[in-house]
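Good morning, and thank you for the time. Please look at the sequence and the structure together while I speak.

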Amino acid sequence: MRKIVIAGVLLLSSCAAVTPRDQPIPYTLSEGETAAVQDGTRKFLKDPTTATFASITATQTQPGVVSVCGVVNSKNKAGAFTGGEPFAGVLRNTSPAGRAGFSFTLTAQGNAKTNFNDLCRQNGVII
């Protein structure tokens, strides 16, 4: 009888709530992380000095890896502002513990007609 009780307790304890590794969790970017996202996105703009950012949101699916999306408005090659284009990417912590080092990889960039919510969802960001 004692073995059955112990086996039952072990079985129940193994049923604790487990969050799947790829389940996105809302994430708040630090100033350094936000700067890395903006700098990484500016590299792909025609006029990076005119860039303004809005609606930057993020989710984390595993430690050190954060999916990010937002909107960037900057001047195009004609010198006119784009009106805001959605972007998405992955931010990785590239430094040892205690130091701030981030790498942002742009994975998608839309145009003013691209649906921001769809782009974010496709890249794992919950809005």
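In which helix do Asp39 and Arg42 lie, and how many residues apart are they? Both belong to helix 2, which covers residues 31-42, and they are three residues apart, about one turn of the helix. I should say at once that the model before you is predicted.

Let me begin with the charged side chains. Asp39 and Arg42 form a salt bridge, with their closest N and O atoms 3.3 Å apart. Asp39 has a relative accessibility of 46%, so it counts as partly exposed. Arg42 is also partly exposed, at 23%.

The count of salt bridges comes to two, and the other joins Arg121 to Asp118. Here the closest N and O atoms are 2.9 Å apart. These two residues lie in helix 3, residues 116-122, and again the spacing is three residues, about one turn of the helix. Is Arg121 buried or exposed? Its relative accessible area is 53%, and because exposed means over 50%, Arg121 is exposed. Its partner Asp118 has 34% and is partly exposed.

I turn now to the aromatic rings. The structure holds two aromatic pairs. One of them consists of Phe53 and Phe87, whose ring centres are 6.0 Å apart and whose planes stand at 90°, an edge-to-face arrangement. What does this pair link? It links distant parts of the chain: Phe53 sits in strand 2 (residues 47-62) and Phe87 in strand 4 (residues 85-93), with their positions 34 residues apart in the numbering. As for accessibility, Phe53 is at 19%, and since buried means under 20%, Phe53 counts as buried. Phe87 is buried as well, with a relative accessible area of 0%.

Phe87 also pairs with Phe104: the ring centres are 6.5 Å apart and the planes are at 90°, so this pair too is edge-to-face. Phe104 lies in strand 5, residues 102-109, so the pair ties strand 4 to a part of the chain 17 residues away in sequence. Phe104 is buried, at 10% relative accessibility. Together, Phe53, Phe87 and Phe104 form one aromatic cluster.

Strand 2 also contains Ser55, which deserves a brief remark on its backbone. Ser55 is not a glycine, yet its phi is positive, at about 55°. Its relative accessibility is 44%, so Ser55 counts as partly exposed.

Finally, the nonpolar interior. Which residues have the most contacts inside the largest nonpolar core? They are Leu29, Val37, Val68, Phe87, Leu91 and Phe104, in a core of 14 residues. Two of these names, Phe87 and Phe104, we have already met in the aromatic cluster. The elements that supply two or more residues to this core are helix 2, strand 2, strand 3 (65-75), strand 4 and strand 5.

Val68 shows how these parts meet. Setting aside neighbours within four places in sequence, Val68 is in contact with a list of residues that includes Leu29, Val37, Ile56, Phe87, Leu91, Phe104 and Val125. There is also a second, separate core of seven residues, among them Cys69, Ala88, Phe116 and Cys120.

To close, I would ask you to find two places in the model: the salt bridge between Arg121 and Asp118 in helix 3, and the aromatic cluster of Phe53, Phe87 and Phe104. Thank you.

Note on methods:
Residues are numbered from 1 along each chain as its sequence is written. This is a predicted model: local features need pLDDT of at least 70, side-chain atom pairs count only at pLDDT 80 or more; totals for chains, interfaces and linings use all residues. Side-chain values use heavy atoms; hydrogens and water are left out. A salt bridge is a side-chain nitrogen of Lys or Arg within 4 Å of a carboxyl oxygen of Asp or Glu. Helices (H or I, at least four residues) and strands (E, at least two) are DSSP runs, numbered from the N terminus. Buried means under 20% relative accessible area, exposed over 50%, partly exposed in between (1.4 Å probe, protein chains only). Rings of Phe, Tyr and Trp (its six-membered ring) pair if their centres lie within 6.5 Å; planes under 30 degrees apart count as stacked, over 60 as edge-to-face and the rest as tilted. A nonpolar core is a set of buried Ala, Val, Leu, Ile, Met, Phe, Trp, Tyr and Cys residues joined through side-chain atoms within 4.5 Å. Contact means heavy atoms within 4.5 Å.
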